[in-house]
Amino acid sequence: MEKKRIALRKLLEAVEKEILKKPNRKTLDRLSLLAGFQDWESFQETLHGDLGGETIYGGHKESK
């Protein structure tokens, strides 16, 4: 029974590591495309950058 418990613990640890792992760059780029951005970097810039109240569409800035 002890061996089964240890095996189960190892399996759960492996699954937990996989769940917590950050997606690779290709996956992040694809998710960014679904959200309407060119790539992960442009998504991050928009999310964390300071646009000063401006929105960027297709490379052109529009003031609100």
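Helices are DSSP runs of at least four residues, numbered from the N terminus. Helix 1 offers a quick example: Arg-5 and Glu-2 sit 3 residues apart in it, so about one helical turn separates them. This is a predicted model. The protein chain has 64 residues. Its secondary structure comes to 3 helices and 2 strands.

**Overall layout**

- Starting at the N terminus, the elements run α-α-α-β-β.
- Of the 64 residues, 5% count as buried.
- The chain exposes about 6100 Å². Carbon and sulfur atoms supply 57% of that area.

**Helix 1: a salt bridge and a nonpolar patch**

- Helix 1 covers residues 2-20.
- Arg-5 and Glu-2 join their side chains in a salt bridge, with 2.7 Å from N to O.
- In general, side chains of opposite charge can pair when their charged atoms come close.
- The spacing fits a helix too: an α-helix has 3.6 residues a turn, so residues three or four places apart point the same way.
- Both partners keep some contact with the outside. Arg-5 is partly exposed, at 42% relative accessibility. Glu-2 is partly exposed as well, at 44%.
- Which residues form the nonpolar patch on the surface? They are Leu-8, Leu-11, Leu-12, Val-15, Ile-19 and Leu-20.
- Together these patch residues have about 630 Å² of accessible area.
- Leu-8, one of them, lies in helix 1. Its relative accessible area is 48%, so Leu-8 counts as partly exposed. Patch residues must have over 30% relative accessible area, and Leu-8 has 48%.

**Helix 2: its two ends**

- Helix 2 covers residues 25-34.
- Asn-24 caps the N-terminal end of helix 2. A side-chain oxygen of Asn-24 lies 3.2 Å from the backbone nitrogen of Lys-26.
- Gly-36 comes just after helix 2. Gly-36 takes a positive phi of about 95 degrees.

**Salt bridges between helix 2 and helix 3**

- How many salt bridges does the whole structure hold? A search finds 3.
- Asp-29 and Arg-25 meet in one of them, with 3.2 Å from N to O.
- Both of these residues lie in helix 2. Asp-29 and Arg-25 are 4 residues apart, about one turn of the helix.
- Asp-29 is partly exposed, with a relative accessible area of 23%. Arg-25 is partly exposed at 40%.
- Arg-25 also forms a salt bridge with Glu-41. Here the closest N and O atoms are 3.5 Å apart.
- Why does this pair tie together separate parts of the chain? Arg-25 lies in helix 2 and Glu-41 in helix 3, so the bridge links parts that are 16 residues apart in sequence.
- Glu-41 is partly exposed, at 47% relative accessibility.
- Salt bridges with shared partners join Arg-25, Asp-29 and Glu-41 into one network.

**The aromatic cluster**

- The structure holds 2 aromatic pairs.
- A pair of aromatic rings is described by the distance of the centres and the angle of the planes.
- Phe-37 and Phe-43 form an edge-to-face pair. Their centres are 5.2 Å apart, and their planes meet at 75 degrees. Planes over 60 degrees apart count as edge-to-face, so the 75 degrees of this pair earns the name.
- Phe-37 is partly exposed, at 23% relative accessibility. Phe-43 is partly exposed, at 22%.
- Trp-40 and Phe-43 form a tilted pair. Their centres are 5.4 Å apart, with 35 degrees between the planes.
- Helix 3 covers residues 40-48. Trp-40 and Phe-43 are 3 residues apart in helix 3, so about one helical turn separates them.
- The ring pairs link Phe-37, Trp-40 and Phe-43 into a cluster.

**A buried serine beside the rings**

- Is Ser-32 buried or exposed? Ser-32 counts as buried because its relative accessibility is 2%, and the cut-off for buried is under 20%.
- Ser-32 is found in helix 2.
- Ser-32 touches Phe-37, Asp-39, Trp-40 and Phe-43, leaving aside residues up to four places away in sequence.
- Among these contacts are Phe-37, Trp-40 and Phe-43, the residues of the aromatic cluster.

Terms used: Residues numbered from 1 in each chain as written. Predicted model: local features only at pLDDT ≥ 70, side-chain atom pairs only at ≥ 80, totals over all residues. Heavy atoms only, no water. Buried < 20%, exposed > 50% of the residue type's maximum accessible area, 1.4 Å probe, protein only. Areas by Shrake-Rupley, 256 points an atom, 1.4 Å probe, with all protein chains shown as cover. Patch = residues over 30% accessible without salt bridge, like charges linked within 9 Å, V, L, I, M, F, W, Y side chains within 5 Å. Salt bridge = Lys/Arg side-chain N within 4 Å of Asp/Glu carboxyl O. Phe/Tyr/Trp six-rings, centres within 6.5 Å; stacked < 30°, edge-to-face > 60°. Polar contact = N/O pair within 3.5 Å; in protein donor to acceptor, adjacent residues only side chain to side chain. Contact = heavy atoms within 4.5 Å.
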